[in-house]
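Hi everyone, thanks for coming. I'd like to walk you through one structure today, so please have a look at the sequence and the model before I start.

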Amino acid sequence: MISVLFAVLTAFSNGTASVLQRRAALRVPDSEAMRLSLFGHLLRQKVWLAGIALVIVAAVCQAVALATGPIAVVQPIFVIELPATLVVAGFVMRVGVSRQVWYGVAAVTLGLALGMAAAAPVGGSDDVQGAAWIPALVATGAFEAALIAVALGTSGNARAALLGLAAACGYALTAALMKDAMSRLDADGVVGLLTAWQLYATAVAGVGALFLLQNALQAGSLVAVQPMLTLGDALISIAYGVTLFGEELRSGWWLLPQLIGVGMIAVGCVVLARSPLASANAAPARVE
(Lines give C-alpha, C1' and ligand atoms only; values in the text may rest on other atoms or scores of the structure.)
Protein backbone atom coordinates (compact mmCIF):
# COMPACT_ATOMS: atom_id res chain seq x y z
CA MET A 1 0.00 0.00 0.00
CA ILE A 2 2.89 2.39 0.74
CA SER A 3 4.38 1.86 -2.73
CA VAL A 4 1.01 2.39 -4.42
CA LEU A 5 0.33 5.56 -2.40
CA PHE A 6 3.69 7.12 -3.25
CA ALA A 7 3.36 6.02 -6.88
CA VAL A 8 0.06 7.93 -7.07
CA LEU A 9 1.69 10.99 -5.48
CA THR A 10 4.48 10.72 -8.05
CA ALA A 11 1.94 10.61 -10.87
CA PHE A 12 0.18 13.75 -9.63
CA SER A 13 3.48 15.63 -9.32
CA ASN A 14 4.86 14.50 -12.67
CA GLY A 15 1.64 15.21 -14.54
CA THR A 16 1.43 18.76 -13.27
CA ALA A 17 5.14 19.27 -13.95
CA SER A 18 4.71 18.17 -17.58
CA VAL A 19 2.03 20.79 -18.19
CA LEU A 20 4.14 23.56 -16.62
CA GLN A 21 7.22 22.51 -18.59
CA ARG A 22 5.16 22.44 -21.78
CA ARG A 23 4.08 26.05 -21.21
CA ALA A 24 7.69 27.09 -20.74
CA ALA A 25 9.07 25.07 -23.66
CA LEU A 26 6.72 26.71 -26.15
CA ARG A 27 8.28 30.09 -25.38
CA VAL A 28 11.72 28.89 -26.52
CA PRO A 29 12.83 29.59 -30.14
CA ASP A 30 13.05 26.55 -32.42
CA SER A 31 16.71 27.39 -33.05
CA GLU A 32 17.53 26.24 -29.50
CA ALA A 33 16.34 22.66 -30.11
CA MET A 34 18.76 19.92 -28.97
CA ARG A 35 21.17 22.52 -27.51
CA LEU A 36 22.22 22.99 -23.90
CA SER A 37 21.36 26.67 -24.28
CA LEU A 38 17.71 25.52 -24.18
CA PHE A 39 18.09 25.30 -20.40
CA GLY A 40 19.27 28.93 -20.31
CA HIS A 41 15.95 30.06 -21.75
CA LEU A 42 13.97 27.80 -19.45
CA LEU A 43 15.79 28.84 -16.27
CA ARG A 44 14.52 32.39 -16.72
CA GLN A 45 10.90 31.26 -16.56
CA LYS A 46 9.19 30.89 -13.18
CA VAL A 47 6.66 28.43 -14.58
CA TRP A 48 9.49 26.09 -15.62
CA LEU A 49 11.15 26.37 -12.20
CA ALA A 50 7.83 25.48 -10.58
CA GLY A 51 7.68 22.43 -12.82
CA ILE A 52 11.19 21.41 -11.79
CA ALA A 53 10.25 21.76 -8.11
CA LEU A 54 7.43 19.29 -8.72
CA VAL A 55 9.85 16.98 -10.53
CA ILE A 56 12.00 16.92 -7.37
CA VAL A 57 8.96 16.12 -5.23
CA ALA A 58 8.05 13.36 -7.68
CA ALA A 59 11.59 11.94 -7.53
CA VAL A 60 11.44 11.63 -3.74
CA CYS A 61 8.02 9.97 -3.87
CA GLN A 62 9.20 7.65 -6.63
CA ALA A 63 12.25 6.60 -4.61
CA VAL A 64 10.01 5.63 -1.68
CA ALA A 65 7.62 3.76 -3.99
CA LEU A 66 10.42 1.80 -5.68
CA ALA A 67 12.08 1.01 -2.36
CA THR A 68 8.86 -0.58 -1.09
CA GLY A 69 7.39 -2.24 -4.19
CA PRO A 70 8.24 -4.02 -7.49
CA ILE A 71 9.10 -1.80 -10.44
CA ALA A 72 6.52 -3.63 -12.59
CA VAL A 73 3.83 -2.49 -10.14
CA VAL A 74 5.05 1.03 -9.36
CA GLN A 75 5.90 2.38 -12.81
CA PRO A 76 2.66 1.45 -14.64
CA ILE A 77 0.67 3.39 -12.02
CA PHE A 78 2.25 6.54 -13.44
CA VAL A 79 -0.07 6.32 -16.47
CA ILE A 80 -2.68 8.10 -14.34
CA GLU A 81 -0.59 11.28 -14.23
CA LEU A 82 -2.31 12.93 -17.21
CA PRO A 83 -5.95 12.23 -16.23
CA ALA A 84 -5.27 13.11 -12.60
CA THR A 85 -3.66 16.40 -13.59
CA LEU A 86 -6.47 17.43 -15.93
CA VAL A 87 -9.19 16.65 -13.40
CA VAL A 88 -7.40 18.50 -10.61
CA ALA A 89 -6.65 21.44 -12.94
CA GLY A 90 -10.31 21.63 -13.88
CA PHE A 91 -11.40 21.95 -10.25
CA VAL A 92 -8.59 24.30 -9.25
CA MET A 93 -9.18 26.66 -12.19
CA ARG A 94 -12.95 26.30 -11.77
CA VAL A 95 -13.27 25.09 -15.34
CA GLY A 96 -15.90 22.48 -16.02
CA VAL A 97 -14.45 19.02 -16.65
CA SER A 98 -15.96 17.96 -19.98
CA ARG A 99 -17.44 14.61 -20.84
CA GLN A 100 -14.46 14.06 -23.16
CA VAL A 101 -12.07 14.28 -20.20
CA TRP A 102 -14.14 11.85 -18.13
CA TYR A 103 -14.18 9.39 -21.04
CA GLY A 104 -10.39 9.65 -21.23
CA VAL A 105 -10.05 9.22 -17.47
CA ALA A 106 -12.27 6.14 -17.60
CA ALA A 107 -10.29 4.62 -20.48
CA VAL A 108 -6.92 5.13 -18.78
CA THR A 109 -8.13 3.95 -15.37
CA LEU A 110 -9.93 0.85 -16.65
CA GLY A 111 -7.06 0.05 -19.00
CA LEU A 112 -4.57 0.24 -16.13
CA ALA A 113 -6.78 -1.92 -13.90
CA LEU A 114 -7.28 -4.51 -16.65
CA GLY A 115 -3.60 -4.60 -17.61
CA MET A 116 -2.34 -4.88 -14.04
CA ALA A 117 -4.91 -7.52 -13.10
CA ALA A 118 -4.01 -9.59 -16.16
CA ALA A 119 -0.23 -9.19 -15.74
CA ALA A 120 -0.28 -9.72 -11.95
CA PRO A 121 3.45 -8.94 -11.45
CA VAL A 122 5.01 -10.92 -8.60
CA GLY A 123 8.36 -11.86 -7.14
CA GLY A 124 11.64 -10.27 -8.05
CA SER A 125 14.60 -9.02 -6.04
CA ASP A 126 15.36 -5.53 -4.78
CA ASP A 127 18.72 -5.35 -6.51
CA VAL A 128 20.29 -6.37 -9.82
CA GLN A 129 22.40 -9.48 -9.69
CA GLY A 130 25.89 -9.80 -11.17
CA ALA A 131 26.80 -7.97 -14.37
CA ALA A 132 23.23 -7.84 -15.70
CA TRP A 133 23.49 -4.06 -16.02
CA ILE A 134 26.05 -4.29 -18.82
CA PRO A 135 23.81 -5.71 -21.60
CA ALA A 136 20.88 -3.64 -20.31
CA LEU A 137 22.83 -0.37 -20.58
CA VAL A 138 24.22 -1.29 -24.00
CA ALA A 139 20.75 -2.14 -25.34
CA THR A 140 19.27 1.02 -23.83
CA GLY A 141 22.01 3.21 -25.28
CA ALA A 142 21.54 1.72 -28.76
CA PHE A 143 17.76 2.18 -28.56
CA GLU A 144 18.09 5.78 -27.40
CA ALA A 145 20.65 6.59 -30.11
CA ALA A 146 18.40 5.16 -32.83
CA LEU A 147 15.38 7.14 -31.63
CA ILE A 148 17.32 10.41 -31.45
CA ALA A 149 18.92 9.86 -34.87
CA VAL A 150 15.55 9.28 -36.52
CA ALA A 151 14.00 12.20 -34.60
CA LEU A 152 16.68 14.61 -35.87
CA GLY A 153 15.65 13.74 -39.42
CA THR A 154 12.02 14.69 -38.81
CA SER A 155 10.11 17.65 -37.45
CA GLY A 156 6.84 18.58 -35.77
CA ASN A 157 4.77 15.92 -34.05
CA ALA A 158 6.84 13.06 -35.50
CA ARG A 159 9.96 14.42 -33.80
CA ALA A 160 7.97 15.11 -30.62
CA ALA A 161 6.70 11.51 -30.49
CA LEU A 162 10.15 9.99 -31.06
CA LEU A 163 11.82 12.23 -28.50
CA GLY A 164 8.93 11.54 -26.11
CA LEU A 165 9.64 7.82 -26.40
CA ALA A 166 13.37 8.47 -25.91
CA ALA A 167 12.55 10.48 -22.77
CA ALA A 168 10.30 7.66 -21.56
CA CYS A 169 13.17 5.20 -21.98
CA GLY A 170 15.39 7.54 -19.98
CA TYR A 171 12.86 7.84 -17.18
CA ALA A 172 12.37 4.06 -17.10
CA LEU A 173 16.14 3.59 -16.85
CA THR A 174 16.24 6.20 -14.09
CA ALA A 175 13.61 4.26 -12.13
CA ALA A 176 15.51 0.97 -12.51
CA LEU A 177 18.78 2.55 -11.40
CA MET A 178 17.02 4.27 -8.50
CA LYS A 179 15.50 1.01 -7.28
CA ASP A 180 18.89 -0.71 -7.42
CA ALA A 181 20.51 2.21 -5.58
CA MET A 182 17.84 2.19 -2.86
CA SER A 183 18.55 -1.49 -2.23
CA ARG A 184 22.10 -0.48 -1.26
CA LEU A 185 20.64 1.85 1.35
CA ASP A 186 18.72 -1.03 2.91
CA ALA A 187 21.70 -3.38 2.82
CA ASP A 188 24.66 -1.12 3.67
CA GLY A 189 23.15 2.13 4.97
CA VAL A 190 23.98 5.63 3.84
CA VAL A 191 27.60 4.75 3.07
CA GLY A 192 26.47 1.94 0.79
CA LEU A 193 24.12 4.30 -1.04
CA LEU A 194 26.69 7.07 -1.47
CA THR A 195 29.33 4.65 -2.81
CA ALA A 196 26.96 2.93 -5.27
CA TRP A 197 27.52 3.87 -8.91
CA GLN A 198 23.80 3.42 -9.50
CA LEU A 199 23.05 6.57 -7.47
CA TYR A 200 25.15 8.78 -9.76
CA ALA A 201 23.97 6.98 -12.88
CA THR A 202 20.41 7.76 -11.73
CA ALA A 203 21.23 11.49 -11.74
CA VAL A 204 22.82 11.30 -15.21
CA ALA A 205 19.93 9.31 -16.68
CA GLY A 206 17.39 11.62 -15.06
CA VAL A 207 19.00 14.80 -16.45
CA GLY A 208 19.27 13.18 -19.89
CA ALA A 209 15.61 12.19 -19.84
CA LEU A 210 14.64 15.70 -18.74
CA PHE A 211 16.63 17.21 -21.61
CA LEU A 212 14.92 14.92 -24.13
CA LEU A 213 11.50 15.73 -22.68
CA GLN A 214 12.05 19.49 -23.01
CA ASN A 215 12.97 19.02 -26.67
CA ALA A 216 9.97 16.77 -27.24
CA LEU A 217 7.60 19.32 -25.71
CA GLN A 218 9.15 22.08 -27.80
CA ALA A 219 8.99 20.09 -31.05
CA GLY A 220 5.28 19.28 -31.13
CA SER A 221 1.97 19.06 -29.36
CA LEU A 222 1.16 17.44 -26.05
CA VAL A 223 -1.01 14.88 -27.86
CA ALA A 224 2.09 13.65 -29.70
CA VAL A 225 4.34 13.53 -26.63
CA GLN A 226 2.13 12.32 -23.77
CA PRO A 227 1.02 8.87 -25.05
CA MET A 228 4.59 7.95 -26.00
CA LEU A 229 5.91 9.25 -22.69
CA THR A 230 3.23 7.58 -20.57
CA LEU A 231 3.06 4.18 -22.27
CA GLY A 232 6.77 4.05 -23.06
CA ASP A 233 7.75 4.62 -19.44
CA ALA A 234 5.34 1.95 -18.18
CA LEU A 235 6.20 -0.73 -20.76
CA ILE A 236 9.98 -0.22 -20.70
CA SER A 237 9.93 -0.20 -16.89
CA ILE A 238 8.11 -3.54 -16.92
CA ALA A 239 10.79 -4.88 -19.27
CA TYR A 240 13.48 -3.75 -16.81
CA GLY A 241 11.57 -5.33 -13.95
CA VAL A 242 11.41 -8.67 -15.72
CA THR A 243 14.95 -8.76 -17.16
CA LEU A 244 16.92 -7.07 -14.37
CA PHE A 245 14.98 -7.73 -11.17
CA GLY A 246 13.48 -11.10 -12.03
CA GLU A 247 9.85 -10.01 -11.65
CA GLU A 248 7.30 -12.33 -13.25
CA LEU A 249 4.20 -11.57 -15.32
CA ARG A 250 1.42 -13.83 -16.51
CA SER A 251 1.82 -15.05 -20.08
CA GLY A 252 -0.20 -17.18 -22.49
CA TRP A 253 -3.78 -16.09 -23.04
CA TRP A 254 -3.31 -13.43 -20.33
CA LEU A 255 -1.42 -11.41 -22.95
CA LEU A 256 -4.72 -10.61 -24.70
CA PRO A 257 -6.30 -8.64 -21.84
CA GLN A 258 -2.92 -7.03 -21.20
CA LEU A 259 -2.82 -5.76 -24.79
CA ILE A 260 -6.42 -4.60 -24.55
CA GLY A 261 -5.52 -2.68 -21.40
CA VAL A 262 -2.55 -1.04 -23.15
CA GLY A 263 -4.81 -0.09 -26.05
CA MET A 264 -7.36 1.48 -23.71
CA ILE A 265 -4.63 3.49 -22.00
CA ALA A 266 -3.29 4.72 -25.36
CA VAL A 267 -6.73 5.79 -26.55
CA GLY A 268 -7.45 7.48 -23.21
CA CYS A 269 -4.16 9.42 -23.32
CA VAL A 270 -4.88 10.69 -26.84
CA VAL A 271 -8.42 11.73 -25.87
CA LEU A 272 -7.15 13.56 -22.79
CA ALA A 273 -4.27 15.28 -24.57
CA ARG A 274 -6.72 16.54 -27.22
CA SER A 275 -9.15 17.91 -24.67
CA PRO A 276 -9.72 21.68 -24.36
CA LEU A 277 -8.59 21.48 -20.73
CA ALA A 278 -5.17 20.20 -21.84
CA SER A 279 -4.98 22.91 -24.48
CA ALA A 280 -5.83 25.52 -21.87
CA ASN A 281 -2.67 24.57 -20.01
CA ALA A 282 -0.54 25.04 -23.10
CA ALA A 283 1.47 28.17 -23.72
CA PRO A 284 0.82 30.94 -26.20
CA ALA A 285 2.03 30.65 -29.78
CA ARG A 286 5.54 29.37 -30.16
CA VAL A 287 8.35 31.84 -30.80
CA GLU A 288 9.90 31.21 -34.22
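**Helix packing and aromatic pairs**

Let's begin with one residue: Thr-230 is buried, with a relative accessible area of 5%. Please keep in mind throughout that this is a predicted model. Thr-230 belongs to helix H10. If we leave out residues up to four places away in sequence, Thr-230 touches Val-79 and Cys-269.

Let's stay with H10 and look at its partners. Two packed helices are described by the angle between their axes and the distance between the axes. For helix H8, residues 156-194, and H10, the axes come within 7 Å and cross at roughly 30°. That crossing is right-handed. On the H8 side, the contact includes Asn-157, Ala-160, Ala-161, Gly-164 and Leu-165, and further along Ala-172, Leu-173 and Ala-176. On the H10 side, among the residues taking part are Ala-224, Val-225, Met-228, Gly-232, Asp-233 and Tyr-240. And what kinds of residue make up the contact of H8 with H10? They divide into 16 nonpolar, four polar and one charged.

The other partner to show you is helix H9, residues 197-219, which packs against H10, residues 222-244, at an angle of about 145°. Here the axes are 8 Å apart, and the crossing of H9 and H10 is right-handed. From H9 we have Leu-213, Ala-216 and Leu-217, and they meet Leu-222, Val-225 and Leu-229 of H10. The residues of this contact are six nonpolar, with no polar and no charged ones. Val-225, by the way, turns up in the contact with H8 and in the one with H9.

Now for the rings. How many aromatic pairs does the structure hold? There are two. Trp-133 and Trp-197 form an edge-to-face pair, 5.9 Å centre to centre, with 80° between the planes. This pair links distant parts of the chain: Trp-133 is in helix H7, residues 133-152, while Trp-197 is in H9, and the two are 64 residues apart. Is Trp-133 buried or exposed? Its relative accessible area is 5%, so Trp-133 is buried. Trp-197, at 42% relative accessibility, counts as partly exposed.

The other pair is Trp-253 with Trp-254, and this one is stacked, 4.3 Å centre to centre with 25° between the planes. Trp-253 has 62% relative accessibility and therefore counts as exposed, whereas Trp-254, with a relative accessible area of 27%, is partly exposed. Trp-254 has a charged neighbour too: the charged end of Arg-250 sits over the ring of Trp-254, 3.9 Å from its centre. We find a similar arrangement with a lysine, where the charged end of Lys-179 sits over the ring of Phe-245, 5.9 Å from its centre.

That brings me to my last residue, Asp-180, which is found in helix H8. Why does Asp-180 count as buried? Because its relative accessibility is 0%, and the cut-off for buried is under 20%. Setting aside neighbours within four places in sequence, Asp-180 is in contact with Asp-126, Asp-127, Val-128, Trp-133, Gln-198 and Phe-245. Two of those names are familiar: Trp-133 from the edge-to-face pair and Phe-245 from the ring under Lys-179. Finally, Asp-180 and Gln-129 are 51 residues apart in sequence and 9.7 Å apart in space, C-alpha to C-alpha.

Thanks for listening, and I'm happy to take questions!

Notes: Residues are numbered from 1 along each chain as its sequence is written. This is a predicted model: local features need pLDDT of at least 70, side-chain atom pairs count only at pLDDT 80 or more; totals for chains, interfaces and linings use all residues. Side-chain values use heavy atoms; hydrogens and water are left out. Axes are lines fitted to C-alpha atoms, for helices over the stretch in contact, and angles run from 0 to 180 degrees between N-to-C directions. Helices (H or I, at least four residues) and strands (E, at least two) are DSSP runs, numbered from the N terminus. A crossing is left-handed if the near helix is turned anticlockwise from the far one by less than a right angle, and right-handed if clockwise. Contact means heavy atoms within 4.5 Å. Ala, Val, Leu, Ile, Met, Phe, Trp, Tyr, Cys and Pro count as nonpolar, Asp, Glu, Lys and Arg as charged, and the others, Gly among them, as polar. Rings of Phe, Tyr and Trp (its six-membered ring) pair if their centres lie within 6.5 Å; planes under 30 degrees apart count as stacked, over 60 as edge-to-face and the rest as tilted. Buried means under 20% relative accessible area, exposed over 50%, partly exposed in between (1.4 Å probe, protein chains only). A charge sits over a ring if NZ of Lys or CZ of Arg is within 6 Å of the ring centre and within 35 degrees of the ring normal.
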